[in-house]
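The exercises below concern the chain shown next. Please inspect the sequence and the model before reading the solutions.

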Amino acid sequence: MPRPRLYNLIEYIRGTENRYLFMDMLEGTVQARALQPDSPEWFAWLGSLPSFHFKGKSSHFTARAERKRRNDYWYAYRKVHRQIYKRYLGATNKLTLASLEQTAQNLHEEVLRNLPESELLTPRMQKATPQEITLGELTFRWNDGVLVVKTPSNRYFLNKAQSADLLGYLYDQRKAFLNKE
């Protein structure tokens with residue numbers, strides 16, 4: 001029987017300066033959380049989770065809590081080419097955002113060091129497929145690092161700074177909406 005998908009998530013929002021999405025499963029439904037990283041609420045939230053998936057600025061891993069001597073200690077795991085890489089993260093109060101980012105980077109570097117030579121010599125050519133989402137009459141499309149916003153009458157091209165401003169605004173609006181509930 002396959003293991004259930006991990007819904008507990010900390011994910012860096014690309015195109016923003018330092019914004020992250022925090023999600024978890026509560027009473028059978030997935031919900032976003034408005035948390036300040038490295039705050040007492042942050043550590044309390046992490047302490048309530050058995051595991052979470054971290055998608056940082058440069059890499060990712062799955063973290064799992066393991067109980068030893070009445071305390072929870074966290075480990076980061078990443079599986080590549082049937083090999084599991086493991087790193088000690090520490091107690092819950094040591095799980096700062098900076099330490100999670102550093103662990104993701106360290107695991108990524110270890111994976112790259114251990115890749116077979118055939119993988120290193122064969123660059124994978126990925127076809128860039130634009131990502132698109134339609135909300136009502138607006139269509140948002142990523143195309144070669146440019147955000148294209150299409151309305152019924154116009155088309156707007158946003159550079160990285162403008163895209164980051166828009167995403168920041170939407171993030172703030174989502175946070176305000178979640179705080180109302």
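Five exercises follow, each with a worked solution.

This is a predicted model, in which local features need pLDDT of at least 70, side-chain atom pairs count only at pLDDT 80 or more, and totals for chains, interfaces and linings use all residues. Residues are numbered from 1 along each chain as its sequence is written, and side-chain values use heavy atoms, with hydrogens and water left out.

**Exercise 1. Overall description**

Task: State how many helices and strands the chain has, and what percentage of its residues count as buried.

Solution.
Step 1. Helices (H or I, at least four residues) and strands (E, at least two) are DSSP runs, numbered from the N terminus. The chain has 4 helices and 11 strands.
Step 2. Buried means under 20% relative accessible area, exposed over 50%, and partly exposed in between (1.4 Å probe, protein chains only). Of the 181 residues, 29% are buried.
Step 3. Accessible areas come from the Shrake-Rupley method with a 1.4 Å probe, and for residues only the protein chains shown count as cover. The chain exposes about 12800 Å², of which carbon and sulfur atoms supply 51%.
Step 4. A contact means heavy atoms within 4.5 Å. When contacts between residues at least 6 apart in sequence are considered, 39% join residues at least 24 apart.

**Exercise 2. Strand pairing and turns**

Task: Describe how β5 pairs with β6, and how β6 pairs with β7.

Solution.
Step 1. Two strands pair if DSSP finds at least two bridges between them. β5 (60-68) and β6 (71-80) are antiparallel and share 7 bridges. Within this pairing, Lys-68 has Asn-71 as its bridge partner.
Step 2. The hairpin of β5 and β6 has 2 residues between the strands, and Arg-69 in the turn has a positive phi of about 50 degrees.
Step 3. β6 is also joined to β7 (83-91), again in the antiparallel sense, by 8 bridges. Here Trp-74 stands opposite Gly-90.
Step 4. The hairpin of β6 and β7 likewise has 2 residues between its strands. His-81 lies in that loop and has a positive phi near 50 degrees. Because its relative accessibility is 47%, His-81 counts as partly exposed.
Step 5. Most residues other than glycine have a negative phi.

**Exercise 3. The nonpolar core**

Task: Identify which residues have the most contacts inside the largest nonpolar core, and which element supplies its largest share.

Solution.
Step 1. A nonpolar core is a set of buried Ala, Val, Leu, Ile, Met, Phe, Trp, Tyr and Cys residues joined through side-chain atoms within 4.5 Å. The largest one has 25 residues, and Ile-10, Phe-52, Phe-54, Phe-61 and Leu-100 have the most contacts inside it.
Step 2. At least two core residues come from each of β1 (9-12), β2 (20-26), α1, β4 (51-55), β5, β6, β7 and α2 (97-114). The largest share, 5 residues, is that of α2.
Step 3. Leaving aside residues up to four places away in sequence, Phe-54 touches several residues, including Ile-10, Phe-61, Leu-97, Leu-100 and Ala-104.

**Exercise 4. The loop before α1**

Task: Where do Pro-37 and Asp-38 lie, and what surrounds Pro-37?

Solution.
Step 1. Asp-38 is in the loop between β3 (29-33) and α1 (40-48), and Pro-37 is in the loop between β3 and α1.
Step 2. Asp-38 has a positive phi near 65 degrees. Asp-38 is partly exposed because its relative accessibility is 39%, and Pro-37 is partly exposed at 21%.
Step 3. Residues up to four places away in sequence aside, Pro-37 touches Phe-22, Trp-42 and Leu-97. Its C-alpha atom is 9.5 Å from that of Ala-98, which is 61 residues away along the chain.

**Exercise 5. The largest pocket**

Task: Determine which element supplies the largest share of the lining of the largest pocket, and how that element pairs with β9.

Solution.
Step 1. On a 1 Å grid over the protein atoms alone, a pocket is an open set of points where a 1.4 Å probe fits, with protein on both sides within 12 Å along at least five of seven lines; lining residues have an atom within 4 Å of a point.
Step 2. β8 gives the largest share of the lining, 4 residues. β8, β9 and α4 (160-180) each supply at least two.
Step 3. Among the lining residues are Gln-131, Phe-140, Trp-142 and Leu-170.
Step 4. β8 (residues 131-135) and β9 (residues 138-143) run antiparallel and are joined by 5 bridges. Gln-131 has Trp-142 as its bridge partner.
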